[in-house]
Structure formats: structure tokens, C-alpha cells
Amino acid sequence: MSTHGGTILLVDDHAVVREGYRSMLQKQPGLRVVAEAADGAEAYRLFKEVRPDLVIMDLTMPGVGGIEGIRRIRQWDRDARILVFTMHENAGFAVQAIRAGARGYVTKSSPPETLVRAVMDVLAGGLSISPDIDHELALSRLSGETVASDVLTAREFEVMQMLLAERTTDEIAAALHLSPKTIANLHSLIKDKLGVATDIELVRLALRQGLLT
């Protein structure tokens with residue numbers, strides 16, 4: 001595979017959004033979108049089937065989200081190249097995505113050429129983070145409060161996102177193929193790690209850290 005070409009799996013829960021990015025990417029010589037998925041679970045299944053050179057992954061999707069999707073794909077293939085493309089202009093999400101195994105993080109508010117450059121960089125084996133996020137990463141370290149993205153594992157972060165989206169323990173358990181008891185334990189562990197006693201405090205912390213959409 002040349003550093004300038006590659007097959008792409010596009011993961012976003014909006015078909016119209018996927019269509020827009022697909023036509024933009026396929027204007028680049030050598031880039032080909034070979035499959036599309038609407039959530040993390042479908043992305044994992046398709047990744048194993050089509051073995052793309054690159055996955056472009058959104059983060060917030062119904063069912064299995066992007067962080068968990070990245071985790072599953074990287075567990076199956078630790079050389080998988082995954083670029084996050086999301087509306088989350090938040091350092092916490094970037095830290096988590098990269099910890100889960102993403103090689104790049106670009107926000108949807110970036111100009112199109114930023115995405116194209118990131119695609120090329122990640123295909124070439126590099127790491128790519130859009131400038132707005134680099135700035136955020138620097139700022140987020142100055143607040144002194146326990147930063148959720150620093151202390152939670154990728155799975156805990158995903159569970160926290162689902163809790164914040166008001167999904168029930170049973171719904172989260174079903175999406176992540178875990179038992180409700182495991183989810184309940186993770187729920188307590190997340191609150192312990194963040195030093196909050198209640199879900200209301202968890203929501204407040206998430207708001208302060210820009211983790212609520």
C-alpha cells in the first residue's frame with residue numbers, strides 16, 4: 001500500500017453525513033470508501049470483513065459508541081489505523097480516543113483539508129490531532145480538578161457517556177455484552193474514581209469538563 005492510497009471504512013450514524021465525506025474523500029487520488037457503518041458494533045463487524053487500511057470513526061452514536069468501537073477493533077487487530085472525526089471539540093474525548101487506540105482526532109468544525117491531511121498522515125503511519133484539540137489539551141491540564149479522561153479506562157469512559165445519555169443499566173449491558181451487575185459495578189467505580197457521590201454530581205462534573213453533548 002502506498003502512503004497516498006488506501007481503503008476506508010466510514011463510521012457515522014448519519015447517512016447524509018457519510019455521503020458528504022465519502023464524495024469528498026473519493027476525490028483524493030487513491031482513496032476509496034469500501035464500507036460504511038452506523039455504530040461501533042457494525043464498524044467492528046465490517047472491519048473484520050473488509051480489512052480496510054483506515055477507519056474514520058465518529059464518537060457519539062446510538063448503540064455502541066466510537067470509543068468502544070475503537071477498543072474492539074484494536075483488540076482484534078492492534079495495527080488497525082483509526083482516525084476519529086467528531087463534533088466533540090473536547091480534550092477529554094481526544095485523550096480517551098487515543099488511549100483506546102485511535103491514531104488521529106479531527107473535529108468536524110475543521111476545514112476539509114485538515115481531515116484529508118489527517119487521513120494521509122494516519123495512513124502513512126503517523127499520528128494526527130487537529131490544532132483546536134491540541135490547544136484544548138494544553139488548557140485542560142490547568143484546572144486542577146480530577147479530569148475524567150485521565151482516570152477512566154476507555155470502557156469506563158464509554159459507560160459514563162451512556163449513563164450521561166440516560167441509558168439504563170440493562171440497555172448499557174446489552175449494548176456492551178456485559179452483565180447488568182458488571183455495569184452497576186462500573187457505575188460505582190466511575191463515581192469513586194471521579195470523587196463524586198451521586199449521579200447529579202457526576203452530571204455536574206461532566207458539564208464542567210465539557211463531556212455532555
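This is a short chat about two packed helices and some aromatic pairs in a predicted model.

Reader: Hi! What should I know about the model before we start?
Author: Because it is predicted, local features need pLDDT of at least 70 and side-chain atom pairs count only at pLDDT 80 or more, while totals for chains, interfaces and linings use all residues. Residues are numbered from 1 along each chain as its sequence is written, and side-chain values use heavy atoms, with hydrogens and water left out.

Reader: Cool. How do the axes of H1 and H5 cross?
Author: Helix H1 (residues 15-26) and helix H5 (residues 112-123) have axes that come within 11 Å and cross at roughly 65 degrees. They are therefore roughly perpendicular (65 to 115 degrees; under 35 is roughly parallel, over 145 roughly antiparallel, the rest oblique).

Reader: And which residues meet there?
Author: From H1, Tyr 21, Met 24 and Leu 25 meet Pro 112, Leu 115, Val 116 and Val 119 of H5, where contact means heavy atoms within 4.5 Å.

Reader: New topic! How many aromatic pairs are there?
Author: Searching the whole structure gives three; ring centres must lie within 6.5 Å, and planes under 30 degrees apart are stacked, over 60 edge-to-face, the rest tilted. Phe 47 and Trp 76 form an edge-to-face pair, 6.1 Å centre to centre with 90 degrees between the planes.

Reader: Is Phe 47 buried or exposed?
Author: Phe 47 is buried, at 2% relative accessible area, whereas Trp 76 is partly exposed at 38% (buried is under 20%, exposed over 50%, partly exposed in between, with a 1.4 Å probe and protein chains only).

Notes:
Axes are lines fitted to C-alpha atoms, for helices over the stretch in contact, and angles run from 0 to 180 degrees between N-to-C directions. Helices (H or I, at least four residues) and strands (E, at least two) are DSSP runs, numbered from the N terminus. Rings of Phe, Tyr and Trp (its six-membered ring) pair if their centres lie within 6.5 Å; planes under 30 degrees apart count as stacked, over 60 as edge-to-face and the rest as tilted.
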